[in-house]
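Okay, everyone, thanks for making time. I'll put the structure up and then talk you through what I noticed.

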Amino acid sequence: MRFINYVKNAYAELVEKVSWPSWSQLSNSAVIVMVASLLFAAVVLVMDLAFENIMKAIYSILY
């Protein structure tokens, strides 16, 4: 019985209290997330390449 009440309350909250974004808001948010992800990936790539070159330089000096 408690589970049925939980499901009913959850459904009522989703229908009555949640404000769903419009399609344009959703697509704008998706574009923002994609751009931010690409920027983050580019920063990680630059850091990885820099670290690789630094380590190669250190190893060439030591060995």
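**A walk along the chain**

Let me start at the end of the chain: Tyr63 is exposed, with a relative accessible area of 79%. Keep in mind as we go that this is a predicted model.

So what does Tyr63 do with its ring? A search of the whole structure turns up 1 aromatic pair. In that pair, the ring centres of Tyr59 and Tyr63 sit 6.3 Å apart with the planes at 35°, so we call it tilted. For that label, remember that under 30 degrees would be stacked and over 60 would be edge-to-face. The partner, Tyr59, is partly exposed, at 47% relative accessible area.

Both tyrosines also belong to something else. There's a nonpolar surface patch of about 750 Å², and its members are Ile54, Ile58, Tyr59, Ile61, Leu62 and Tyr63. Take Ile61 as an example: it's in helix H2, which runs over residues 23–62. Is Ile61 buried or exposed? It counts as exposed, because its relative accessibility is 70% and the cut-off for that is over 50%.

Staying in helix H2, let's talk charges. How many salt bridges do we get? The count comes to 1. The side chains that meet there are Glu52 and Lys56, at 3.4 Å from N to O. Those two are 4 residues apart in helix H2, so about one helical turn separates them. As for cover, Glu52 is partly exposed, with 36% relative accessible area.

Now over to the other helix. H1 takes in residues 2–16, so 15 residues, and goes 21 Å from first C-alpha to last, close to the 21 Å you'd expect at 1.5 Å a residue. It's hardly covered: 0 of its 15 residues count as buried. Val7 is one of the residues in H1, and Val7 is partly exposed at 42% relative accessible area.

How far apart are the C-alpha atoms of Val7 and Lys56? They're separated by 59 Å, with those positions 49 residues apart along the chain.

That brings me to the whole protein. We have 2 helices and 0 strands. The C-alpha trace spans about 70 × 35 × 10 Å along the principal axes. The radius of gyration is 25 Å, where a compact globule of 63 residues would have one near 11 Å.

And what share of the 63 residues is buried? It's 0%. The accessible surface comes to about 6,200 Å², and 72% of that belongs to carbon and sulfur atoms.

So, to recap: one tilted ring pair, Tyr59 with Tyr63, a salt bridge between Glu52 and Lys56, and a nonpolar patch that includes Ile61 and Leu62. Okay, over to you for questions.

Definitions and conventions:
Residues are numbered from 1 along each chain as its sequence is written. This is a predicted model: local features need pLDDT of at least 70, side-chain atom pairs count only at pLDDT 80 or more; totals for chains, interfaces and linings use all residues. Side-chain values use heavy atoms; hydrogens and water are left out. Patches are made of residues with over 30% relative accessible area and no salt bridge: like charges are joined within 9 Å, nonpolar side chains (Val, Leu, Ile, Met, Phe, Trp, Tyr) within 5 Å. Accessible areas come from the Shrake-Rupley method with a 1.4 Å probe; for residues, only the protein chains shown count as cover. A salt bridge is a side-chain nitrogen of Lys or Arg within 4 Å of a carboxyl oxygen of Asp or Glu. Buried means under 20% relative accessible area, exposed over 50%, partly exposed in between (1.4 Å probe, protein chains only). Rings of Phe, Tyr and Trp (its six-membered ring) pair if their centres lie within 6.5 Å; planes under 30 degrees apart count as stacked, over 60 as edge-to-face and the rest as tilted. The radius of gyration is taken over C-alpha atoms; the globule rule is 2.2 Å times the number of residues to the power 0.38.
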